[in-house]
Amino acid sequence: MPVVTLYFDRVKKILGKTVPKAKLVETLPFIGLDIEDETADHINVEYSPNRPDYSTDYGIITGLQGLLGIKLGMPALKIKNGKNAIKVIPSVSKVRPYVTAIEARNGKLDDETIRQIITMQEDLHNGLGRRRKKASIGIHDLEKIKFPLYYKAVTQEHSFVPLESDVSLTVKEILEKTETGRKYQHLLEGYSKVPIIVDSDGKTISLPPIANAKLTEMNGKTRNLLVEVTATDKNAAEGVLAVIANTLQIAGFELYSVKITGAGNSTPVLKSRDLVLEPELVNQTLGIEISNQIMIKSLKKSRLDAKLRGKKIVCSIPRYRTDIFGVMDLVEEVALGYGIQNLVPTMPESVSAGERNHVTKTLETVRQIMVGLGYLEVMNFELTSKEILYDKTSRESSKIISVADSKSQEHIILRDMLLPGMMEVLSRNIHESYPQKIFEIGTVFEKDSPIKEGIHLACLSAHKDVNFTEVKSVLQSLLKTGFNLSCSTVPQKEPMFVDGRTGSIIIHGKKLGSVGELDTKIVDNFKLRTPVAGFEIEITDLLF
């Protein structure tokens, strides 16, 4: 997990109240932080990536203020009307369509604040930004920019001086010769043009999601900042911007809006949102009996706003709290504000000893067999995207199962097969050595009323000499050793596989899966550079 360094002198200054060091250290775990190590002048803490507002000491201190009772309730973002604008040119829509921004003025940056901001930027890139795929951030010295700015697409022959360089490079050279360019160039693969932000003098400000320009680099003398976020997902962009805006406001900056126009973009509205909480749910879930007023105070100690409306509690959630999706998240916030240490454990009513069931034991045996055969286990989300599950695999999608009102644009489809997700894993590891051999055991879903669930096992082998015979032998070894079964393979046309080098897996006269060499077109869709073969088999009935 990501790590933040808290210097005790700095914490004392920002906290606004003298609190003994021992009390601070004792409180940190109760706002969800793990202590990594402690010295005389600082402490390193790990935070969960689902709390991006904890990516700096400012955010952590905001949480401490609540739990220690120094400040209660939601910190309000105070954004004044700004005069500057960013105009989006439609040419960028097919590459990276969204941009949002805010100005932070009249602040002061010391070396530690700059370090914290840069660390926050990278943590947000890797978390909410999904390694810059969904969102990427540029933080600039505002005084070196002439407005309005233009967000547009240009060819790779466009040139400017990137951060950490003293010479002008073309976009192509940045992607091929710089460390950051090589690391993230895959995000721009397949596009003839790339997105850039330029000012009204034509000077390049940023090449998202790769690099900022050296021209606008911030330093200890910088007093005014421009924060811009570009994205493939507008909601993600505004979530990232809200975290940064809140942090800079706590750091002493004044916030000003930036008008965004053109190609489906709009000026961000970083307002709070409301959720209604049933008090009965809190007491029932936590196993306690506390009053509505105590619940409200507990929510305020978690830096949320709350008020009673009839018999229900209306909770206001700041825009930067991207981790709160529903009422159960609010129950957790009540628990944190109430004090985890104040929850009294009780013994369960049952006195019987627990043990792993037969299915769990069998799956563990299967895992050990696959590892023994030279395969590495991977675990993918059960929710994936239509692009990965159907578009790249050329599979028919009439029985697609979508999530209603999803907060994500990536994880919105329940998977009905393991192999597409595993191909995506291979595509993210093309720079690693071969052979690459992976397997996965997981739940898949079939559209029905109600939706059916099953357990599948799949494996993929990727190297230049892989063939049908290799993966079929792995399948036979697995079935014989793990289930004392044998199978036959009947030549048959199967989705994702090469005709003539694939077959259906038949056990006791029933088709349970497919095995073969993957179609070269599908291999190319995932941008793999080597042949791939594998199988997927339903093992639900084999486990019982």
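Okay, let's start with a pocket: the lining of the second largest one has ten nonpolar, six polar and twelve charged residues. This is a predicted model, so local features need pLDDT of at least 70 and side-chain atom pairs count only at pLDDT 80 or more, while totals for chains, interfaces and linings use all residues. Residues are numbered from 1 along each chain as its sequence is written, and side-chain values use heavy atoms, with hydrogens and water left out.

By pocket I mean an open set of points on a 1 Å grid over the protein atoms alone, where a 1.4 Å probe fits, with protein on both sides within 12 Å along at least five of seven lines; lining residues have an atom within 4 Å of a point. The volume here is about 810 Å³, counted as the space filled by probe spheres set on the points. Closest to the centre, out of 28 lining residues, are Arg-395, Asp-416, Met-417, Glu-446 and His-456. E23, E24, E27 and E28 each give two or more residues to that lining; these are DSSP strands (at least two residues; helices, H or I, at least four), numbered from the N terminus.

Now the largest nonpolar core, meaning buried (under 20% relative accessible area, 1.4 Å probe, protein chains only) Ala, Val, Leu, Ile, Met, Phe, Trp, Tyr and Cys residues joined through side-chain atoms within 4.5 Å. Among its 30 residues, Ile-507, Phe-535, Ile-537 and Ile-539 touch the most other members. Helix H14 supplies the largest share, six residues. Then there's a second, separate core of 29 residues, including Tyr-58 and Leu-241.

Technical notes. Buried < 20%, exposed > 50% of the residue type's maximum accessible area, 1.4 Å probe, protein only. Nonpolar A, V, L, I, M, F, W, Y, C, P; charged D, E, K, R; others polar.
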